[in-house]
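Reader: I am in my first year and would like to look closely at a single part of this protein, namely one of its charged residues and what surrounds the theme of charge here. Could you take me through it slowly, in one connected answer?

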Amino acid sequence: MTRAHYLYSRLGLKEMESIIKDFQEKFDETLKDTFSDEELDVFEKKLDDIAAIFAQPILADLSFDDFYPDPALENEQRIFFESCRSSISIENIPYFESNPFQVTYLKDLFTRLDEVLVDCGGVSQLQFKEKYLKDLSRFKDMDSVIVEVIPKTIVTPKSSVPVHPIDFLVRDVYLELARLEASEKQELVSEELRSMPPAMLTIFTAMGEKNLHPEELAMKTKLNLKTFGDSLERLKFFLRRINETN
C-alpha cells in the first residue's frame, strides 16, 4: 500500500468534518484510557507518525476514469463514485508493519463511516470498505501492543496466593461477586453500573469469566494499570455496598 489513501463518500462535507472531529477526540480518549502516561511517552514517536486525515470536497475535474477500477466491480464503483459528495485524504501513512497504532486508527475511522470507495494511489485498484478492511486485518493493531505492555506492568507470578495489591483486589471482587450471585442482585448491579465510569463496567463484564488471574483480567479489559487498579477498587466497594443493602 502507498503512503496516501483517498476515500470517497456519499456524505456531505460538513457531516464528514463532524465525524472526523468526533472520531479524533474519541481516539485520543481511548489512548488515555488504555495506556498510562509513561506508556504513551514510550509510544510517542509512533503516535506522532499517525497519518493526518482531512475532509475535503471532491475535485471538480476529477472523474471516475482517472482511477483504476476493479474490473469485476467497475460499473458498481462508477455509480457509487458519481453519487459521492465528499472525500477524505489520508496523508503520509507509515508502514502498517511498523505502526500498529495506525492500523487501529484506520479501523476505528472506517467503523464511523458508511460505504466508501478507497483509492490507494498508483495503479492500485479501487476498493470498497470491506475489501480495504480485509487487507488491513493482515497487520497487527493496537491490541498487540496492549498484549506486550500489560505483562511487563503486572509481574505477579501465577499463584493462587495473593502477593500484589491488585491480587487482593481481584480476589475481593470475586468474593463480592459470589455473594452477589447468592443474593440474586445481579440485575440491580447491572442497572446501577450504567451510570458508573465505563472502566468499572468493563471489569465487571470481564469478571463474568470466573477465577481469572489478575494479569489475564488486565489484558482482557485492555485498561492501563492505574485505571485498572483504581476501577477495580471502586468496583469492590460498589459491590460491597450492594451486597450489604437489604
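Author: Let us begin with Glu-130, which is found in helix 6, the helix that covers residues 129-136, and let us keep in mind that the model is a predicted one. Glu-130 has a relative accessible area of 68%, and because exposed means over 50%, this residue counts as exposed. Glu-130 also belongs to a negative surface patch, whose other members are Glu-15, Glu-76, Asp-114 and Glu-115.

Charged side chains may also meet a partner of opposite charge, and a search of the whole structure finds 14 salt bridges. One of them joins the side chains of Asp-22 and Arg-112, with 2.6 Å from N to O. Asp-22 lies in helix 1 (residues 13-34), whereas Arg-112 sits in the loop between helix 5 (100-111) and strand 4 (116-119), so this pair ties together parts that are 90 residues apart in sequence. Asp-22 is partly exposed, at a relative accessible area of 28%, and Arg-112 is partly exposed too, at 31%.

Another salt bridge brings together the side chains of Asp-143 and Lys-222, at 3.1 Å from N to O. Here Asp-143 belongs to helix 7 (residues 142-153) and Lys-222 to the loop between helix 11 (214-221) and helix 12 (225-243), so the parts that are tied together lie 79 residues apart in sequence. Asp-143 has a relative accessible area of 33% and is partly exposed, as is Lys-222 with 36%.

The side chains of Lys-220 and Glu-209 also meet in a salt bridge, with 2.6 Å from N to O. Lys-220 is in helix 11 and Glu-209 is in the loop between helix 10 (198-206) and helix 11, eleven residues apart. Lys-220 is partly exposed, with a relative accessible area of 41%, and for Glu-209, likewise partly exposed, the value is 41%. Returning to Asp-22 and Arg-112, salt bridges that share partners join these two and Lys-26 into one network.

For a contrast with the exposed Glu-130, turn to strand 3 (residues 86-91), which is mostly covered, since five of its six residues are buried. Strand 3 pairs with strand 1 (residues 5-9) in the antiparallel sense over five bridges, and Ile-88 in strand 3 is the bridge partner of Leu-7. Strand 3 also pairs with strand 2 (residues 52-56), again in the antiparallel sense and over five bridges, with Ser-89 in strand 3 as the bridge partner of Phe-54.

Conventions: Residues are numbered from 1 along each chain as its sequence is written. This is a predicted model: local features need pLDDT of at least 70, side-chain atom pairs count only at pLDDT 80 or more; totals for chains, interfaces and linings use all residues. Side-chain values use heavy atoms; hydrogens and water are left out. Buried means under 20% relative accessible area, exposed over 50%, partly exposed in between (1.4 Å probe, protein chains only). Helices (H or I, at least four residues) and strands (E, at least two) are DSSP runs, numbered from the N terminus. Two strands pair if DSSP finds at least two bridges between them. Patches are made of residues with over 30% relative accessible area and no salt bridge: like charges are joined within 9 Å, nonpolar side chains (Val, Leu, Ile, Met, Phe, Trp, Tyr) within 5 Å. Accessible areas come from the Shrake-Rupley method with a 1.4 Å probe; for residues, only the protein chains shown count as cover. A salt bridge is a side-chain nitrogen of Lys or Arg within 4 Å of a carboxyl oxygen of Asp or Glu. Lys and Arg count as positive and Asp and Glu as negative; His and the chain ends are not counted. The place of a charge is taken as NZ of Lys, CZ of Arg, CG of Asp or CD of Glu.
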